[in-house]
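Student: Got a minute to walk through a structure with me? I'd like to look at folds, packing and any odd backbone spots.

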Amino acid sequence: MNKVIDLKGSILSLTVLKLFSNDIEQTKQALEQKVSQAPDFFVGIPVVLEPEVGNLDPTFLALLVELLHQKQMIPIGIRTEDESIKEQANYAGLAVFSGEAKVKKRPKPEKSDQKENCSGLKSAMVINHAVRSGQQVYAKDRDLIVMGSVNPGAEIIADGNVHVYGTVRGKVFAGSQGETSARIFAQKIDAELVCIAGLYQLSEDILPEYKQGFVEVSLLNEQLNFKPL
Amino acid sequence: MSRVVVVTSGKGGVGKTTTSASFSTGLALKGYKVAVIDFDVGLRNLDLIMGCERRVVYDFVNVVQGEASLQQALIKDKRVPNLFILAASQTRDKDALTLEGVEKVIEDLKEAGFDYIICDSPAGIEKGAQLALYFADEALIVTNPEVSSVRDSDRILGILQAKSKRAEKGEAPIVEHLVLTRYNPNRVETGEMLSVEDVIDLLSVPLLGAIPESEDVLNASNAGAPVVLDENSAAAQAYADVVDRFLGEEVEHRFLTVEKKGLFKKLFGK
């Protein structure tokens, strides 16, 4: 009955080693200098190589992999579009990740809102009723509009901005994927917790004057900034 | 067309069973054929409040599990015609109920021509409470004017909107009504209790009625007679109003403000 294995896709956070030189000696020196600053930190960490230069010497990758092993790091792959480097990677036993271009695109639409609006950004999720205790609403990759109140014990989360045309008494999260320009607008905030891009304030830390009327919350210098409207 | 009405609250001890007893009795007094089911398997109370605890031979679980017929288990009320009680089992627990079994009982009651089937929910949000609300067409949310009760009611409202048969089948949502029990305008004025407005604001559910806090409620429970039958009591009048409003009559809300007592009442009244 019990599963023996399970193969699943997963997003992991890896360290990328960018290479700006195709000279192995130079690279070796720079790497040694870096590692000597915090030797323990680098022990056992998986590393993905990303050459920013072409024309790599045929032995470059093999030497670099050897060097990383000496430093107790574990090179697991390489990210490149260059065909010759891909070939080398095969010999060096490194997995090939496709280039960064595609990956970079994702944070972009959130940053340049205006442009993306024209080209069909997901429209906001609209909730027409109150969000009740124990309920959770998540607007993935978009804004969230709640027409009713958010009651104590409820949570509303959006990757974009949050608008509430009632009183927020539960928890509210905007920019939950780390979008620091996300904002929260609410008819009234008496929230248990207000959070933008991971920076939060609890109810008791919110000044009473901001709990009166329509208010906008944004991030300013890594702090939540409340502004009555 | 029968209607299934769940009386629920989330929190315990707020007056669900008292409300179920008085509400079903009130509907029966209006001439409707009413069955009231105690879903609180293992902690049966409804039969006590209805004063029929000595007449329980077969109970709800017996019917659900096919050990008795519905006719055998339905207890006819001695005071009000057209009122029938389906008692909970004291010896079993909530796992004895199944969705299919409950559905069968409710369908059979509908077929037997009951106008209203009142489901007295147990406290909590677990299986018993979810079964009680699953087949509901309407819901009475019983709430005390106090924060924890209001929050639990909010939670159960969320469950009504997500886990009922109507929600799962995408039909018209359950009609929600708020019944505020143990309301004491004096204590609202002194700030010890939430006001009607506060509770409605928090729950955004229309108020069916507020039942004033009253000794009569406890006395009636002890005597085994639904408080609605005690016509002189304010709580009884409030429950009668609740029934009228439920049936669509326009009745002005009472018992929401502090009553100014005259000298005579001060000296001789309660």
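Tutor: Sure, and one term before we start: helices (H or I, at least four residues) and strands (E, at least two) are DSSP runs, numbered from the N terminus. Also keep in mind that this is a predicted model.

Student: Okay. So where does A:Ala197 lie?

Tutor: A:Ala197 is in the loop of chain A that links β12 (193-196) to β13 (199-202). The backbone there stands out: A:Ala197 isn't a glycine, yet its phi is positive, about 50°.

Student: Why's that worth pointing out?

Tutor: Because most residues other than glycine have a negative phi.

Student: Got another one? What about A:Asp141, what's its phi?

Tutor: Positive too, about 55°, and A:Asp141 is not a glycine either. A:Asp141 belongs to the loop between β6 (136-139) and β7 (144-146) of chain A.

Student: Is A:Asp141 buried or exposed?

Tutor: In between. Its relative accessible area is 38%, so A:Asp141 counts as partly exposed.

Student: Zooming out, how many helices and strands are in chain A?

Tutor: Chain A has seven helices and 15 strands. Of its 229 residues, 37% are buried. And if you take the chain A contacts between residues at least 6 apart in sequence, 34% of them join residues at least 24 apart.

Student: Let's do helix packing. At what angle do α1 and α3 of chain A cross?

Tutor: Helix α1 (residues 24-37) and helix α3 (residues 60-70) cross at roughly 20°, and their axes come within 11 Å. Angles under 35 degrees count as roughly parallel, so α1(A) is roughly parallel to α3(A). The crossing is right-handed.

Student: Which residues of α1(A) and α3(A) meet?

Tutor: From α1(A) you have A:Ile24, A:Thr27, A:Lys28 and A:Leu31, and facing them from α3(A) are A:Phe60, A:Leu63, A:Leu64, A:Leu67 and A:Leu68. By type, that contact has seven nonpolar residues, one polar and one charged.

Student: Switching to chain B. How do α7(B) and α10(B) pack?

Tutor: The axes of α7(B) and helix α10 (residues 196-203) are 10 Å apart, at an angle of about 30°. That makes these two helices, α7(B) and α10(B), roughly parallel to each other, with a right-handed crossing.

Student: And who touches whom between α7(B) and α10(B)?

Tutor: B:Val150, B:Ser153, B:Asp154 and B:Leu157 on α7(B) meet B:Val199, B:Leu202 and B:Leu203 on α10(B). Here the split is five nonpolar, one polar and one charged.

Student: What about the largest nonpolar core, how many residues are in it?

Tutor: That core has 51 residues, and B:Phe39, B:Phe60, B:Leu86, B:Leu97, B:Val105 and B:Leu109 have the most contacts inside it. Its largest share, five residues, comes from helix α7 (residues 147-163) of chain B. There's a second, separate core of 37 residues, with B:Val56, B:Tyr116, B:Tyr239 and B:Val242 among its members.

Student: What does B:Val105 touch?

Tutor: Skipping residues up to four places away in sequence, B:Val105 touches B:Ile37, B:Phe60, B:Val63, B:Val64, B:Leu70 and B:Leu86.

Student: Last one: B:Asp47. Buried or exposed?

Tutor: Buried, with a relative accessible area of 1%. B:Asp47 is in helix α2 (residues 46-49) of chain B. Leaving out neighbours within four places in sequence, B:Asp47 contacts B:Cys52, B:Glu53, B:Val56 and B:Ala87.

Terms used:
Residues are numbered from 1 along each chain as its sequence is written. Chains are lettered from A and ligands numbered from 1 in the order in which they are written. This is a predicted model: local features need pLDDT of at least 70, side-chain atom pairs count only at pLDDT 80 or more; totals for chains, interfaces and linings use all residues. Side-chain values use heavy atoms; hydrogens and water are left out. A nonpolar core is a set of buried Ala, Val, Leu, Ile, Met, Phe, Trp, Tyr and Cys residues joined through side-chain atoms within 4.5 Å. Buried means under 20% relative accessible area, exposed over 50%, partly exposed in between (1.4 Å probe, protein chains only). Contact means heavy atoms within 4.5 Å. Axes are lines fitted to C-alpha atoms, for helices over the stretch in contact, and angles run from 0 to 180 degrees between N-to-C directions. Angles under 35 degrees count as roughly parallel, over 145 as roughly antiparallel, 65 to 115 as roughly perpendicular and the rest as oblique. A crossing is left-handed if the near helix is turned anticlockwise from the far one by less than a right angle, and right-handed if clockwise. Ala, Val, Leu, Ile, Met, Phe, Trp, Tyr, Cys and Pro count as nonpolar, Asp, Glu, Lys and Arg as charged, and the others, Gly among them, as polar.
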